[in-house]
Amino acid sequence: MANVWIFLDLLNIAVYIPFLKVDEEDICKNIKILRRQSWFQNYLHDKQYQKLIVSNKHVRQVIGKFKSDKLHKQSYMIKCQNRLHKALLKELDPV
C-alpha cells in the first residue's frame, strides 16, 4: 500500500512540474516591468550585462521567476535586484 502512495505522490509532482517552469512570456513581462527601474537600465546600458540579459538562458530564467505582481513592492524589487546581480556575476565569471 505504501508503494501506491509513493507512486501517486510522484505522479502528482510530475503533473505540476510543467506549471513551475518559466516561459518566454513570463520573462518578457518581467523585463517590461524592470525596464522602468534605473538600476535595470544601468544593466542594459552595459554591453556585457545586456548580452547576458538578452541571450543567457540562466539569467533569463532568473528574471522569469520573479513574481510580476510583487515587482511594484520596493522590498521585493531589492531582492530581485540582488538575485539578478548575483546571476549576472556568476555568468560573467564562470569558475
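Let me begin with one residue, Arg60, which is buried, since its relative accessible area is 13% and burial here means anything under 20%. Please keep in mind throughout that what we are looking at is a predicted model.

What does Arg60 form a salt bridge with? The partner is Glu24, and the closest N and O atoms of the two residues are 2.2 Å apart. As general background, side chains of opposite charge can pair when their charged atoms come close. Glu24, for its part, is partly exposed, because its relative accessible area is 41%, so this bridge joins a buried arginine to a partly exposed glutamate. The pair also links distant parts of the chain, with Arg60 sitting in helix α5, residues 57-65, and Glu24 in helix α2, residues 24-34, which puts the two residues 36 apart. When the whole structure is searched, 1 salt bridge is found.

Let me now step back to the overall fold. The protein has 6 helices and 0 strands, and read from the N terminus the order of elements is α-α-α-α-α-α. Of its 95 residues, 28% count as buried. If we take the contacts between residues at least 6 apart in sequence, 62% of them join residues at least 24 apart.

One helix pair deserves a slower look, namely α4, residues 47-55, and α6, residues 74-92, whose axes lie 10 Å apart and which pack at an angle of about 100°. Are these two helices roughly parallel or roughly perpendicular? At that angle α4 is roughly perpendicular to α6, because the range for that description is 65 to 115 degrees. On the α4 side the contact is made by Gln48, Tyr49, Leu52 and Ile53, while α6 contributes His85, Leu88, Leu89, Glu91 and Leu92. Sorted by character, the residues of this contact come to 6 nonpolar, 2 polar and 1 charged.

Finally, a word on the cysteines, for anyone thinking about thiol chemistry. How many disulfides does the count come to? The count is 0, where a disulfide would need a pair of cysteine sulfur atoms within 2.5 Å. As for their surroundings, Cys28 has a relative accessibility of 42% and therefore counts as partly exposed, whereas Cys80, at 0% relative accessibility, counts as buried.

To close where I started, the picture I would like you to take away is of a buried Arg60 in helix α5, paired across the sequence with Glu24 in helix α2, in a protein of 6 helices and 0 strands.

Notes
Residues numbered from 1 in each chain as written. Predicted model: local features only at pLDDT ≥ 70, side-chain atom pairs only at ≥ 80, totals over all residues. Heavy atoms only, no water. Axes fitted to C-alpha atoms, helices over the stretch in contact; angles between N-to-C directions. Helix = DSSP H or I, 4+ residues; strand = E, 2+ residues; numbered from the N terminus. Parallel < 35°, antiparallel > 145°, perpendicular 65-115°, else oblique. Contact = heavy atoms within 4.5 Å. Nonpolar A, V, L, I, M, F, W, Y, C, P; charged D, E, K, R; others polar. Buried < 20%, exposed > 50% of the residue type's maximum accessible area, 1.4 Å probe, protein only. Salt bridge = Lys/Arg side-chain N within 4 Å of Asp/Glu carboxyl O.
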